[in-house]
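Ready for a few hands-on exercises? Have the model open beside you, try each task yourself, then read the solution.

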Amino acid sequence: MKSIVVDGGSVEEAVQSALEKLDVTREQVEIDVLEEGSRGLFGIIGGKQARVSVTLKATPEQVIKGFIDEVVEAMGLEIEYSVFFDNGYWYVDFTGEDVRFIIGRRGKTLNSLQMLANMAVNKKLEERIRIIIDAEGYRGRREQSLRRLARKTAERVCRTKSDVMLEPMTPQERRIIHLELQNNDKVSTLSRGDDPYRKVVVCYKQRGA
């Protein structure tokens with residue numbers, strides 16, 4: 001991160017000078033006071049300048065890229081990615097020859113990477129952010145698959161009049177199931193268990209219930 005050391009008549013003067021040089025606000029930097037400074041005899045003789053070190057804080061995008069770069073290098077993958085912010089979420093979108101290794105079976109590797117990214121990145125930031133990791137449109141395809149699963153499961157529950165518990169899913173995937181069946185007057189849904197093994201249960205609504 002970019003850092004500068006600035007002198008001033010006081011700590012506040014030095015900080016303000018640094019902010020002007022960096023063209024940033026106080027909230028965007030970390031400040032380390034190296035010398036408090038002193039006025040000296042009669043405010044003139046023997047005085048010392050205050051000195052501060054001002055460092056730009058890492059942005060969410062920088063921290064995300066730092067984490068993803070380490071993962072890609074460790075896995076030795078031929079892959080590219082982009083990072084962007086949209087509607088309250090930070091997105092990482094992978095493309096490339098080895099993208100299938102990032103996705104994994106039924107998206108398990110992708111989901112694990114997403115969970116680790118959220119944990120690792122938020123440890124380095126003051127304000128919590130939410131990260132969604134995708135790979136060549138997998139999330140969209142998975143959503144359509146989950147919607148079909150929800151409808152087929154509802155049909156099975158109505159036919160057998162027995163509750164059905166689905167496989168463990170991420171919070172986003174469980175939400176898709178809940179939303180798909182929320183207007184179905186024959187079944188209801190609930191979640192059971194603890195993450196990462198929390199599951200959706202599709203329940204048969206008894207008549208009169």
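Let's begin with one contact: the side chain of D134 reaches the backbone nitrogen of R139 at 2.9 Å. This is a predicted model, where local features need pLDDT of at least 70 and side-chain atom pairs count only at pLDDT 80 or more, while totals for chains, interfaces and linings use all residues. Residues are numbered from 1 along each chain as its sequence is written, and side-chain values use heavy atoms, with hydrogens and water left out.

**Exercise 1.** Work out where D134 sits and which other backbone nitrogen its side chain contacts.

*Solution.* Start with the element: D134 is in strand 6 (strands are DSSP runs of E, at least two residues, and helices are runs of H or I, at least four, numbered from the N terminus). Next, look for the other contact: a polar atom of the D134 side chain lies 3.2 Å from the backbone nitrogen of Y138. Finally, check the charge: D134 is buried (under 20% relative accessible area, 1.4 Å probe, protein chains only) yet has no salt bridge (a side-chain nitrogen of Lys or Arg within 4 Å of a carboxyl oxygen of Asp or Glu). The nearest side chain of opposite charge, R139, is 4.7 Å away.

**Exercise 2.** Decide whether Q114 is buried or exposed, and find its backbone partner.

*Solution.* First, locate Q114 in helix 4. Then take its relative accessible area, 6%, so Q114 is buried. Last, a polar atom of its side chain lies 2.9 Å from the backbone nitrogen of I133.

**Exercise 3.** Describe the largest pocket and its lining.

*Solution.* A pocket here is an open set of points on a 1 Å grid over the protein atoms alone, where a 1.4 Å probe fits, with protein on both sides within 12 Å along at least five of seven lines; lining residues have an atom within 4 Å of a point. Step one is volume: the largest pocket has about 1200 Å³. Step two is the lining: among its 35 residues, N111, Q114, T170, P171 and Q172 are the closest to the centre. Step three is the source: helix 4 gives the largest share, seven residues.

**Exercise 4.** Find out what is unusual about the phi of R106.

*Solution.* Recall the background: most residues other than glycine have a negative phi. Now look at R106, whose phi is positive, near 50°. R106 lies in the loop between helix 3 (99–103) and helix 4. K161, in the loop between helix 5 and strand 7, also has a positive phi, about 55°.

Note on methods. Grid points are joined across faces, edges and corners, and a volume is the space filled by probe spheres set on the points. Ala, Val, Leu, Ile, Met, Phe, Trp, Tyr, Cys and Pro count as nonpolar, Asp, Glu, Lys and Arg as charged, and the others, Gly among them, as polar. Buried means under 20% relative accessible area, exposed over 50%, partly exposed in between (1.4 Å probe, protein chains only). Lys and Arg count as positive and Asp and Glu as negative; His and the chain ends are not counted. A polar contact is a pair of N or O atoms within 3.5 Å; within protein, one must be able to donate a hydrogen and the other to accept it, and residues adjacent in sequence count only if both atoms are side-chain atoms.
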